[in-house]
Amino acid sequence: MDRAVLITGASRGIGAAVARRFAREGWRVGVNYRTSRGRAEALAAEIAAAGGQTALLPGDVSDPAQAAALVRAAEEQLGPLDALVCNAGVALPQQLLTDTTDEQWRQVMGVDLDGVFYTLRAAVPGFVRRQRGAIVTVSSMWGVTGGSCEVAYSAAKAGVIGLTKALAKEVGPSGIRVNCIAPGAIATRMNDNLDEEAVALLREETPLGRMGTPEEIAKAIAFLALEDSAFTTGQVLSPNGGLVI
């Protein structure tokens, strides 16, 4: 399969699992990272050892110039993009709205929402020229329902859902599909700030009785990007173990 995908925030967690999944499907994979170069290099080496092809693509998606340069570098090194996964994200410790500083608010909005916009603004023209392609954004179940003491994160991730639905309508006539994944509690470093009691409570409240894995989310993202979902656009898929129904 001679296709290329760019994955933002791909050095670890869900992003790394997505990179491995696309590589196994035979795609050329753009591995974006901001600071975790060592992790990105290890992932690229792992994929190469299995016969896959990757490009290491540094860049901070919260910076519009870097996001645009990232997309250009991906197209130069991998060829025209057939898919884009907007996965880069940050989260704050659980805290009250009144304890959230201006700097924290801008950090979360900058990466989780602005970064998606900047990356899409740079990448969509290429998809439109080719009249095809699949885009998957990564939100959260808290973007669907809102999370207590997660105001900044919930607001940014809700914005991603609105952006996804609007863009799906805008570029659908050009043959481009845009969908969103809204994971529940996943065992990644982003949830390392949760103590054992909080993790146990999440498991107890989840009907399936456990947290999800990055690999399970990667499978869902691959489904939304591949031909099996060819008639699906503007949708939000939320693998959350039944925690949000």
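**Figure 1. The second largest cavity and its lining.** In this predicted model, the wall of the second largest cavity is built by Thr8, Val61, Cys86, Asn87, Ala88, Val111, Gly115, Val116 and Thr119. The space inside comes to about 40 Å³. Helix α4, spanning residues 102-130, is the top contributor to this lining, with four residues. Sorted by class, the lining has five nonpolar and four polar residues, and no charged ones.

**Figure 2. Thr119, a lining residue of the second largest cavity.** Let us stay with one member of that wall. Thr119 is found in helix α4 and is among the residues that line the second largest cavity. Is Thr119 buried or exposed? With a relative accessibility of 1%, Thr119 counts as buried, because that value is under 20%. Setting aside neighbours within four places in sequence, its contacts are Thr8, Val61, Ala67, Val71, Leu84 and Cys86. Thr8, Val61 and Cys86 also appear in the cavity lining. For a sense of scale, Thr119 and Phe22 are separated by 97 residues in sequence and by 19 Å in space, taken from C-alpha to C-alpha.

**Figure 3. The largest cavity.** How many cavities of 30 Å³ or more does the structure hold? There are two, and the largest one encloses about 60 Å³ of space. Its lining is made of Leu92, Pro93, Gln95, Thr100, Cys149, Glu150, Val151, Ala152 and Tyr153. Six of these lining residues are nonpolar, two are polar and one is charged.

**Figure 4. The seven-stranded sheet.** Here is the sheet as a whole. Seven strands make up an open sheet with parallel pairing, and their order is β3-β2-β1-β4-β5-β6-β7. The edges belong to β3 (53-58) and β7 (236-237); each has a single partner strand, so one side of each lacks a neighbour in the sheet. Away from those edges, strand β5 (residues 133-138) pairs with β6 in the parallel sense, over six bridges. Within this part of the sheet, Ile135 sits opposite Val178 of β6.

**Figure 5. Asn179 in strand β6.** Now for a closer look at one strand. Asn179 belongs to strand β6, which covers residues 176-181. Its relative accessibility is 0%, so Asn179 counts as buried. Which backbone oxygen does the side chain of Asn179 reach? The partner is Thr232, and the distance is 2.9 Å. Beyond residues up to four places away in sequence, Asn179 touches Ile135, Val136, Thr137, Thr164, Leu224, Thr232, Thr233, Gly234 and Gln235. Thr232 is therefore found both among these contacts and as the residue whose backbone oxygen is reached by the Asn179 side chain.

**Figure 6. Ser139 in the loop after strand β5.** The last view moves to a loop. Ser139 lies between β5 and α5 (141-145). At 3% relative accessibility, this loop residue counts as buried, because the value is under 20%. Where does the side chain of Ser139 reach? It comes to 2.8 Å from the backbone oxygen of Lys157. Lys157 is also one of the residues touched by Ser139, along with Ala158, Val160, Ile161, Cys180, Ile181, Ala182 and Pro183, when residues up to four places away in sequence are not counted.

Technical notes. Residues are numbered from 1 along each chain as its sequence is written. This is a predicted model: local features need pLDDT of at least 70, side-chain atom pairs count only at pLDDT 80 or more; totals for chains, interfaces and linings use all residues. Side-chain values use heavy atoms; hydrogens and water are left out. On a 1 Å grid over the protein atoms alone, a cavity is a set of points where a 1.4 Å probe fits but cannot get out, and a pocket is an open set with protein on both sides within 12 Å along at least five of seven lines; lining residues have an atom within 4 Å of a point. Grid points are joined across faces, edges and corners, and a volume is the space filled by probe spheres set on the points. Ala, Val, Leu, Ile, Met, Phe, Trp, Tyr, Cys and Pro count as nonpolar, Asp, Glu, Lys and Arg as charged, and the others, Gly among them, as polar. Helices (H or I, at least four residues) and strands (E, at least two) are DSSP runs, numbered from the N terminus. Buried means under 20% relative accessible area, exposed over 50%, partly exposed in between (1.4 Å probe, protein chains only). A polar contact is a pair of N or O atoms within 3.5 Å; within protein, one must be able to donate a hydrogen and the other to accept it, and residues adjacent in sequence count only if both atoms are side-chain atoms. Contact means heavy atoms within 4.5 Å. Two strands pair if DSSP finds at least two bridges between them.
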